[in-house]
Amino acid sequence: MKRWRSRLLAGVFGVCVAGAGMAWAGQSEPDITGEGKLNSIDPGKRSVNIHHGPIPVLQWPAMTMDFAVAPGVDLKPLQPGKNVRFILKKEAQTGYRITGITPTP
Ligand SMILES: [Cu+2]
């Protein structure tokens, strides 16, 4: 059961990284998601600056901050000033990193 579950998760992350569409619903693991306004994008550094709302799981209040973006995440659909929804994954070395991000209305 446990092995089956981790394989399923790997599949979900694979889809996000490929940018083939993010499965917001139906994920079996509580991915950390946030929403906010994209202030700026730095494609060279692969980082984005977001004013995000509170993220209760992490006990983060609303704030403006830079996020590193994982390789393979497509930054092209993003525009500064627009609202976004994003997925965070904790990495041992880099801290929280965005593994999926998509514009929202
Ligand atoms: Cu923050």
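The exercises below work through the fold and the confidence of one predicted model.

This is a predicted model, in which local features need pLDDT of at least 70, side-chain atom pairs count only at pLDDT 80 or more, and totals for chains, interfaces and linings use all residues. Residues are numbered from 1 along each chain as its sequence is written.

**Exercise 1. Elements and confidence**

Task: State how many helices and strands the chain has, and which element has the lowest mean pLDDT.

Solution:
- Step 1. Helices (H or I, at least four residues) and strands (E, at least two) are DSSP runs, numbered from the N terminus.
- Step 2. The chain contains one helix and five strands, and along the sequence they follow the pattern α-β-β-β-β-β.
- Step 3. pLDDT is the predictor's confidence in each residue, from 0 to 100. For the chain its mean is 80, and 71% of the residues reach 70 or more.
- Step 4. Among the elements, helix α1 (residues 2–18) has the lowest mean pLDDT, 44, while β2 has the highest, 98.
- Step 5. Over residues 6–29 the pLDDT is below 50. Beyond near neighbours in sequence, this stretch has 22 contacts in the model, where a contact requires two C-beta atoms, placed from the backbone, to lie within 7 Å.
- Step 6. Where pLDDT is low, the predicted coordinates should not be read in detail.

**Exercise 2. The strand order**

Task: Work out in which order the strands of the barrel run, and in which sense each pair is arranged.

Solution:
- Step 1. Strands of a sheet pair through backbone hydrogen bonds, either parallel or antiparallel. Two strands count as paired if DSSP finds at least two bridges between them.
- Step 2. Strand β1 (residues 32–42) and β2 pair in the antiparallel sense over six bridges; in β2, the bridge partner of I41 is V48.
- Step 3. Strand β2 (residues 47–52) is antiparallel to strand β3 (residues 63–69), again over six bridges, and H51 stands opposite T64 in β3.
- Step 4. β3 and strand β5 (residues 95–103) pair in the parallel sense over two bridges. V69 has I98 as its bridge partner in β5.
- Step 5. β4 and β5 run antiparallel and are joined by eight bridges, with R85 opposite T102 in β5. A hairpin of three residues joins β4 to β5.
- Step 6. Six bridges join β1 to strand β4 (residues 83–91), and the two run antiparallel. K37 has N83 as its bridge partner in β4.
- Step 7. The result is a closed barrel of five strands in the order β1-β2-β3-β5-β4, with mixed pairing. The twist averages 55° from one strand to the next, taken between lines fitted to C-alpha atoms, with angles from 0 to 180 degrees between N-to-C directions.

**Exercise 3. Two loop residues**

Task: Decide whether R46 and Q59 are buried, partly exposed or exposed.

Solution:
- Step 1. A residue is buried if 20 or more other C-beta atoms lie within 10 Å of its own, exposed if 12 or fewer, and partly exposed in between; the C-beta atoms are placed from the backbone.
- Step 2. R46 is found in the loop between β1 and β2. R46 has 16 other C-beta atoms within 10 Å, so it is partly exposed.
- Step 3. Q59 lies in the loop between β2 and β3. Q59 counts as exposed because it has 7 C-beta neighbours inside 10 Å.
- Step 4. Neither residue is a glycine, yet phi is positive in R46, at about 50°, and in Q59, at about 55°.

**Exercise 4. The core and its edge**

Task: Name the residues that touch the most other members of the largest nonpolar core, and examine V69 and I41.

Solution:
- Step 1. A nonpolar core is a set of buried Ala, Val, Leu, Ile, Met, Phe, Trp, Tyr and Cys residues joined through C-beta atoms within 7 Å.
- Step 2. The largest such core has 13 residues, of which V48, V69, F86 and I98 touch the most other members.
- Step 3. β2, β3, β4 and β5 each give two or more residues to this core, and β4 gives the most, with four.
- Step 4. Leaving out residues up to four places away in sequence, V69 touches R46, S47, V48, L75, R97 and I98.
- Step 5. By that count I41, in strand β1, touches V48, L75, L78 and P80.
- Step 6. I41 is partly exposed, because 19 other C-beta atoms lie within 10 Å.
- Step 7. Across the whole chain of 105 residues, 18% count as buried.
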